[in-house]
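Reader: I have a two-chain model open and would like to talk through it with you. Could you take my questions as they come?

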Amino acid sequence: MNEEAIRSYLVPAAAGIFLAVVIAFILMSVILDYHWRRYGTHPKTLVAVRVVYYGVSVVLLAVMAVLIYVLSR
Amino acid sequence: MIELHPDEIILLERRRYWLPFAMEALGLLVAAALPFAGFLFSESMPARLQALLSAYSLPFLFCATAWLLVIWIIFFTNWTNYYLDILLITNKRVIDVEQLGLFARDLAEMRIENIQDIRVEIVGLLASLLHFGNLHIQTAGEVKEFVIRNLYDPHAVKDIISKQHDDVMRNPPTARPSA
């Protein structure tokens, strides 16, 4: 397979990986958040945990989205 | 959340010892760093691999970021299992919550007056140096023995339960709440 053909598959493959990661992230976040709300004992700690968890996750997802955009150009 | 009785007071709240969680976190840190180590040490790789890495640096970076996010989610799953594993000692009960996974939770409850014997088990050099071990509680209930594993300073926990047991036996509860 030549390089051009490989490059033509890169963006759809990256988009597929991105979609799979987003679905896994949403699913796991719903499960984790449910556990924190239902069984957590320190609301203040859990607010900080949510900020760190969602903050870093959104940054990583944004980096992935930007890389897909750059790859597609 | 664990519901307490109206006149129930929490005397001690303790989580499992942090070391097993820290070891898992360390393993995840190493796993997270692996793809980026590939970038850092690309010069020491074979020429063919170096060329591949420089030609596809963006897709590689994309995969590394996806990998980082997966590791991040696994870390928080482990942290949740650690955080929700808790031992509560109240003036009436000993409540041991063991989070065995995201979909498995074991909650054991012993009434203080039913406790018959408490035994501390510290096995191994690491456990002796870092003061963590298991607590075996024998009760008069249906389940004869409860084992609470990997507790920091189990002797102190035992002392608190014993003291509370003595207090309860001196002033036994007049009526038990219905189940």
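Reader: Let me start with a single residue: is B:H131 buried, partly exposed or exposed?

Author: This is a predicted model, and in it B:H131 counts as partly exposed, because its relative accessibility is 45%. B:H131 sits in the loop of chain B between helix 4 (125–130) and strand 6 (132–139).

Reader: And what is phi of B:H131 near?

Author: Phi of B:H131 is near 60°, which is a positive value in a residue other than glycine. B:D153 also has a positive phi, near 50°, and is likewise not a glycine. B:D153 belongs to the loop that lies between strand 7 (145–152) and helix 5 (154–170) of chain B, and with a relative accessibility of 28% B:D153 counts as partly exposed.

Reader: Switching to the interface, how much area do chain A and chain B bury between them?

Author: The two chains bury about 2,900 Å² between them, with 79% of it on carbon and sulfur atoms. In terms of contacts, 34 residues of chain A meet 27 residues of chain B.

Reader: How many salt bridges and how many polar contacts are found across the interface of chain A and chain B?

Author: The rule finds zero salt bridges across the interface of chain A and chain B, whereas it finds seven residue pairs in polar contact there, both residues of each pair being at pLDDT 80 or more. On the side of chain A that touches chain B, helix 1 and helix 2 of chain A each supply at least two residues, and helix 1 of chain A gives the largest share, with 16 residues. By class, that side of chain A has 25 nonpolar, six polar and three charged residues.

Reader: Which residues have the most contacts inside the largest nonpolar core?

Author: That core has 26 residues, and those with the most contacts inside it are A:W36, A:Y53, B:L69, B:F76 and B:W79. The elements giving two or more residues to this core are helix 1 (3–39) and helix 2 (43–72) of chain A, together with helix 3 (57–84) of chain B.

Reader: What is A:W36 in contact with, leaving aside neighbours within four places in sequence?

Author: With those neighbours set aside, A:W36 is in contact with A:L46, A:V49, A:R50 and A:Y53 in chain A, and with B:F76, B:W79 and B:T80 in chain B. Apart from the largest core lies another core, of 18 residues, which includes B:L12, B:V94, B:I112 and B:I118.

Reader: One last residue: why does B:N81 count as buried or exposed?

Author: B:N81 is buried, because its relative accessible area is 18% and the cut-off for buried is under 20%. B:N81 is found in helix 3 of chain B, and not counting residues up to four places away in sequence, B:N81 touches B:Q99, B:G101 and B:L102.

How values were computed. Residues are numbered from 1 along each chain as its sequence is written. Chains are lettered from A and ligands numbered from 1 in the order in which they are written. This is a predicted model: local features need pLDDT of at least 70, side-chain atom pairs count only at pLDDT 80 or more; totals for chains, interfaces and linings use all residues. Side-chain values use heavy atoms; hydrogens and water are left out. A nonpolar core is a set of buried Ala, Val, Leu, Ile, Met, Phe, Trp, Tyr and Cys residues joined through side-chain atoms within 4.5 Å. Buried means under 20% relative accessible area, exposed over 50%, partly exposed in between (1.4 Å probe, protein chains only). Helices (H or I, at least four residues) and strands (E, at least two) are DSSP runs, numbered from the N terminus. Contact means heavy atoms within 4.5 Å. Buried area is the accessible area (1.4 Å probe) that two parts lose on being put together, summed over both. A salt bridge is a side-chain nitrogen of Lys or Arg within 4 Å of a carboxyl oxygen of Asp or Glu. A polar contact is a pair of N or O atoms within 3.5 Å; within protein, one must be able to donate a hydrogen and the other to accept it, and residues adjacent in sequence count only if both atoms are side-chain atoms. Ala, Val, Leu, Ile, Met, Phe, Trp, Tyr, Cys and Pro count as nonpolar, Asp, Glu, Lys and Arg as charged, and the others, Gly among them, as polar.
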